[in-house]
Protein chains: 2
Amino acid sequence: MKTVKEVSVLTGVSVRTLQYYDKIGLLSPAQYTQSGYRLYDTAALERLQQILLFRELGFSLAGIAEILDAPDFDRSLALAQQIELLTLQAERLQGLIAFARGLQQKGGDCMDFQAFDKTKLEDYARRAKEQWGHTEEYRAAMAAEENRTPQEQERMIRDFMRIFTEFGGMKTLSCESEQVGMQVDKLQQFITDHYYPCTDEILCGLAGMYEAGGEFTENIDAAGGAGTAAFTAAAIRAHRGRSV
Amino acid sequence: MKTVKEVSVLTGVSVRTLQYYDKIGLLSPAQYTQSGYRLYDTAALERLQQILLFRELGFSLAGIAEILDAPDFDRSLALAQQIELLTLQAERLQGLIAFARGLQQKGGDCMDFQAFDKTKLEDYARRAKEQWGHTEEYRAAMAAEENRTPQEQERMIRDFMRIFTEFGGMKTLSCESEQVGMQVDKLQQFITDHYYPCTDEILCGLAGMYEAGGEFTENIDAAGGAGTAAFTAAAIRAHRGRSV
DNA sequence: TATATACTATGACGCAGCGTCAGAGTCAAC
DNA sequence: GTTGACTCTGACGCTGCGTCATAGTATATA
C-alpha cells in the first residue's frame, strides 16, 4: 500500500493529479484510511500505468476510462484510430513547418499576401484556357468559377499562394521525397477543386510555365522565396514525370 | 465597413471569436455604431489576416498581440523560434506514432511492460561489464547506478522498453532513413545517460548482441514485435557502421 | 507532552480559446 | 406593426490539471 506521495514520486504524476483522477472516477485508490488518506495497491498502480500509456498517446481521460472500463472494448481498433489521428496531426505539422520556413525565406518583414493580384490570376486562367479550354471538364469548372464572390476569390488566392509558400519551405528537401510528393498532390487537388480538373498532363504543363521565367515564376518566388518556382517544377516532374 | 457577420463569412472566423478578440484587445473594429454594433474597415481586416496567419502557426493570442503591437519586434526571430517549436512537436509526434505502431504489432491485448525483468537487466549489465568494464568511464557510471531506488530502476526499464517498442513501429521504414537514425541516437543517448558512456563502438557491439538470438533478442522482440531486435541491429549498423 | 515537520484533504479559482445558451436590443422590409 | 435576421452582453462549460488557502493528521524530537 502506497500513499499519494509515494505513487507520485514513483510515476512522476503529481499528487493533485492523482486526487483529480480519483475525483473523476478514473483511478480510485484501493482504500482510504479513517482520516481519508488514499492508499494504492499494485492493481491500482497497474491501472495507472495503463492510464499513463494511453494518455501519452493523446487519448482524452474520458476515452481512457472508456477503454479501461469496458473489458470488451476493441483496444487495437482504438489504437489504430489514434494512430491515424496522430498521423494526421503529424502531416499537418509538417505542412505548417514548411509554410513557416517558406515565410522565413521570402522575408520576415514583408509578409505580403497580395503578390498574386487578381489581374495576374486572370491572366493565368486565360493562358490555361488557351491550352486546355477545348476540354469539356474545363468548361464545366469555369461555370462554377463565374459565381464566386470577390471575397471567396481572394481567399482562394491566398490559399493558392500558401501552397507555394509551403513548397518554398521544402527546398532543403529532395524533390523525390515523400513529403514533397504529398505537396504535389496538394497542388493538383487544389487546382482540381477550385479551377479545373488538373490531370497529370496538365500539371506537367504547368511545371513548364512555372519555370519559364515570366510572371508565374515571379509570383511563385514571391510566395516562397527565390527558386521556389523552379523547385516546384522539379518536384512536379519528379512525381508526375513518368506518366507523361 | 463590414459587420461582424460579414467578416465572419469572409474569413471563416466565428462572430463570437471576433467579439472575443475585441474584448481581449487583440482586434478592435474601426468603429462602433450608436447601438454598439462593430464595424470593421480594411485595416482591421488586414490585422485579422495577420492574426490568423500567426494563429495557424501555433502562436498564442498573447504572443500574436505582442508581435503585431510592437513595431520593432523581431518577427523573423519569433518565426524561427516557432519553427523550432513546431519541429520539436513534430519529432515528438513521430516518436509517438512509432511507439503506437510498435504497441499494435506486439499485440494490443497484452500490453505487457514487465517483459524486461530485473534479473535479465542485471544479466545484461553483467555482459556489458565483461566487455567494457575495464574502462574508467564505465566504473564512474556504475557508481551512480548503485544508489538508484528500485522504483527508479523500474521506470528506467520501461523507458528502455519503450525505445525498442518505437523501433518496432519503424520497421516499415528503411534502416537508413533519418527518423530511424534519430531513434538510434536516442538509444545511444539513453544508455549513456542511464548506464554507461555508450560509444559508437559499444553500440555496434550491442547490435551484435541484439540479433544473436538470445534473451536480448527475445526481450526486444517482446517490446516491439517479432523482428524488432534484428531491425534495431541493422539500424545501428546503418548509422554507426562507418565509424567502426 | 509540546512542538516542529512533513504529509494529506478539500474547495475555489485560474489558465486558453473559444462554443453555447439566455435575455434583450436593433435594423430593414413588408 | 410585425416578422425575421442580426447584434449585444454576461454567464457557464469544456480539458487537465497547477496553485493557493485552510485545516486536519502522522511522526519524530526536545
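These legends go with a set of close-ups of a predicted model.

**Figure 1. Where chain B meets chain A.** This view takes in the whole protein–protein interface. On each side the head count matches: 37 residues of chain B touch 37 residues of chain A. Putting the two chains together buries about 3,300 Å², and carbon and sulfur atoms give 69% of that area.

**Figure 2. Charged and polar pairs across the interface.** Here we zoom in on the links between the two chains. Two salt bridges turn up between chain B and chain A. One to look for is A:R162 with B:E56, where the closest N and O atoms sit 3.0 Å apart. The interface also has four residue pairs in polar contact, with both partners at pLDDT 80 or more.

**Figure 3. The helices on chain B's side.** Which elements of chain B each supply at least two residues to the side that touches chain A? They are α1 (4–11), α3 (42–56), α5 (75–106) and α8 (150–169). Of these, α5(B) gives the largest share, with 19 residues. Sorted by class, chain B's side of the interface has 18 nonpolar residues, eleven polar ones and eight charged ones.

**Figure 4. The protein around DNA strand C.** Now we move over to the DNA. A set of 18 residues surrounds strand C, and the closest come from both chains: A:R16, A:Q19 and A:R38, plus B:S14 and B:Y21. If you look at the DNA atoms that come within 4 Å of the protein, 73% belong to sugar and phosphate. By class, the protein surface near strand C splits into six nonpolar, seven polar and five charged residues.

**Figure 5. Three side chains up against strand C.** What does A:R16 reach on the DNA? One of its polar side-chain atoms lies 2.7 Å from a base oxygen of strand C. A:R38 goes to the backbone, with an N or O atom of its side chain 2.4 Å from a phosphate oxygen. From the other chain, B:S14 also pairs with a phosphate oxygen of strand C, and its polar side-chain atom is 2.7 Å away.

**Figure 6. The helices that face the DNA.** This last close-up shows the elements that give two or more residues to the surface near strand C. Chain A brings α1 (4–11) and α2 (15–23), while chain B brings α2 (15–23). The largest share of this surface comes from α2(B), with four residues.

Note on methods:
Residues are numbered from 1 along each chain as its sequence is written. Chains are lettered from A and ligands numbered from 1 in the order in which they are written. This is a predicted model: local features need pLDDT of at least 70, side-chain atom pairs count only at pLDDT 80 or more; totals for chains, interfaces and linings use all residues. Side-chain values use heavy atoms; hydrogens and water are left out. Contact means heavy atoms within 4.5 Å. Buried area is the accessible area (1.4 Å probe) that two parts lose on being put together, summed over both. A salt bridge is a side-chain nitrogen of Lys or Arg within 4 Å of a carboxyl oxygen of Asp or Glu. A polar contact is a pair of N or O atoms within 3.5 Å; within protein, one must be able to donate a hydrogen and the other to accept it, and residues adjacent in sequence count only if both atoms are side-chain atoms. Ala, Val, Leu, Ile, Met, Phe, Trp, Tyr, Cys and Pro count as nonpolar, Asp, Glu, Lys and Arg as charged, and the others, Gly among them, as polar. A residue is near a molecule or strand if one of its heavy atoms lies within 4 Å of it.
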